[in-house]
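Let's walk through this one together, starting at the ligand and working out through the core and the charged pairs. Keep the viewer open as you read.

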Amino acid sequence: MWGDKRYHTLNYELRKEFGQKVMKLSLDGGFTCPNRDGTLGNRGCIFCGEEGSGEFSGSRTLSIEGQIEEQRKLLSKKWKTDKYIAYFQNFTNTYSTYEDLKEKYYAALSHKGVVGLAIATRPDCLSEEVLELLSELNEKTYLWIELGLQTIHERTAKFIRRAYPLKVYDEAIEELQKRNIRVVTHLIFGLPGESKEEILDSVRYVANTKTWGVKFHLLYIQKGTDLYEYYLKNPFPVFSRDEYISLVADGLELLPGDMVVHRVTGDGKKDLLFEPRWSLDKLRVLSGIDKELKRRNSYQGLKY
Ligand code: SF4
């Protein structure tokens, strides 16, 4: 058991590490993405909105320091803490020059109370130079890198226009783990054409890569994305709340107990989210997962 949960949450892990609540501050480093700027593609992944992958991050019109201050003030109404992880969330946060990356990462780290860095990126955007910079940061602070894998199935990867094969993810994991850098893998549940067993195959795969953490996302069909246009023309089945809860419980059972679960459901933007609307009631999903694990008398790692 991990505190009051039957799975190993990030909250539990950070409290253990820092002895108190630690908040993530979501930043927009002003980067773009090779899957959007024409290098690999122009339209990005099929589910990715105009604002990129971090719709709740700070505003790119502000400096890194300005965003940290803004986010800190915003969250201080809800949480009393003075320790933060600066989270470079939006678009591809290792996709720039070495100097630019270094300046932005260190600007975040220099802010009072920032005890760690989280950097979301693509596994094909980790050059030797970037890996060395990450390695240097890893010596100085609590660092983790987030990789958007979403699925291990090449057929689905092609459909969602991920624009890299599974092999690239494997190589990135190897390079990062060689440098003792924590890695968090993102998976999406509910991608069109994937059976529940195929989704769980992706979970098993990630469980075996022994990455430090994992994020389970529910597929959101958001207005303004290509996925939304596709769904209007080719409606595909989306999970009900109960189906999703049951699948997350199945997934948690397959993970090793020491893998940190960063997320089991997301925050869709109310005005943009088309389906599944039930996901807006996040607390109900979270308590549903707790109840389901309890009903099964189960926990993370039971079937690992
Ligand atoms: S890699 Fe991330 S930022 Fe780039 S298009 Fe895909 S979801 Fe969007």
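**From the ligand outwards**

Cys-33 has 10% relative accessibility, so this cysteine counts as buried. Keep in mind as you go that the model is predicted. Cys-48 is also on the buried side of the 20% cut-off, because its relative accessibility is 15%. Both of these cysteines turn up around the ligand: of the eight residues there, Cys-33, Gly-44, Cys-45, Cys-48 and Arg-122 come nearest. Sorted by class, that shell is made of five nonpolar, two polar and one charged residues. With cysteines in the list, you might ask how many disulfides there are. The count comes to zero, with the cut-off at 2.5 Å between cysteine sulfur atoms.

Arg-122 is a good place to step away from the ligand. At 8% relative accessibility, Arg-122 counts as buried, and it has a charged partner: Asp-124 forms a salt bridge with it, with the closest N and O atoms 2.9 Å apart. Is Asp-124 buried or partly exposed? It is partly exposed, because its relative accessibility is 30%, which falls between the 20% and 50% cut-offs. So this pair joins a buried arginine to a partly exposed aspartate.

Side chains of opposite charge can pair when their charged atoms come close. In this structure that adds up to 24 salt bridges. One of them links Arg-161 and Asp-226, whose closest N and O atoms are 2.8 Å apart. Arg-161 sits in the loop between α5 (154-159) and α6 (166-178), while Asp-226 belongs to helix α8 (residues 226-233), so the pair ties together parts that are 65 residues apart in sequence. As for accessibility, Arg-161 is partly exposed at 29%, whereas Asp-226 counts as buried at 17%.

Then there's Glu-175 with Arg-179, whose side chains meet in a salt bridge at 2.8 Å, N to O. Here Glu-175 is partly exposed, with a relative accessible area of 23%, and Arg-179 is buried at 14%. If you'd like something with more members, look at Asp-250, Glu-253, Glu-292, Arg-295, Arg-296 and Lys-303, which are linked in a network of salt bridges.

Now for the greasy part. In soluble globular proteins, nonpolar side chains tend to be buried together. The largest nonpolar core in this model has 66 residues, and Leu-117, Leu-134, Phe-189, Phe-216 and Leu-252 have the most contacts inside it. Which helix gives the most to this core? That's α9 (residues 241-254), with seven residues. For a look at one of the well-connected members, pick Leu-134: leaving out residues up to four places away in sequence, it touches Tyr-105, Ile-119, Leu-126, Leu-143, Ile-145, Leu-176 and Ile-181.

Leu-117 also leads us to Tyr-142, since the two are in contact. Tyr-142 lies in strand β4 (residues 142-150) and counts as buried at 5% relative accessibility. Beyond its neighbours up to four places away in sequence, Tyr-142 touches residues including Glu-13, Leu-14, Phe-18, Ile-85, Arg-182 and Trp-212. Gly-116 is another of its contacts; the C-alpha atoms of Tyr-142 and Gly-116 are separated by 4.4 Å, although the two residues are 26 apart along the chain.

Next, move to Leu-255, in the loop between α9 and β8 (260-263). Its relative accessibility is 0%, so it counts as buried. Setting aside neighbours within four places in sequence, Leu-255 is in contact with Val-203, Ala-207, Val-214, Phe-216, Val-261, Gln-300, Gly-301 and Tyr-304. For a sense of scale, Leu-255 and Phe-31 are 32 Å apart in space, C-alpha to C-alpha, and 224 residues apart in sequence.

Last stop: Leu-273, in strand β9 (residues 273-275). With a relative accessible area of 1%, Leu-273 is buried. Not counting residues up to four places away in sequence, its contacts are Tyr-220, Ile-221, Gln-222, Ser-279 and Leu-280. Ile-221 is 52 residues from Leu-273 along the chain, and their C-alpha atoms are separated by 6.2 Å.

Notes:
Residues are numbered from 1 along each chain as its sequence is written. This is a predicted model: local features need pLDDT of at least 70, side-chain atom pairs count only at pLDDT 80 or more; totals for chains, interfaces and linings use all residues. Side-chain values use heavy atoms; hydrogens and water are left out. A residue is near a molecule or strand if one of its heavy atoms lies within 4 Å of it. Ala, Val, Leu, Ile, Met, Phe, Trp, Tyr, Cys and Pro count as nonpolar, Asp, Glu, Lys and Arg as charged, and the others, Gly among them, as polar. Buried means under 20% relative accessible area, exposed over 50%, partly exposed in between (1.4 Å probe, protein chains only). A nonpolar core is a set of buried Ala, Val, Leu, Ile, Met, Phe, Trp, Tyr and Cys residues joined through side-chain atoms within 4.5 Å. Helices (H or I, at least four residues) and strands (E, at least two) are DSSP runs, numbered from the N terminus. Contact means heavy atoms within 4.5 Å. A salt bridge is a side-chain nitrogen of Lys or Arg within 4 Å of a carboxyl oxygen of Asp or Glu.
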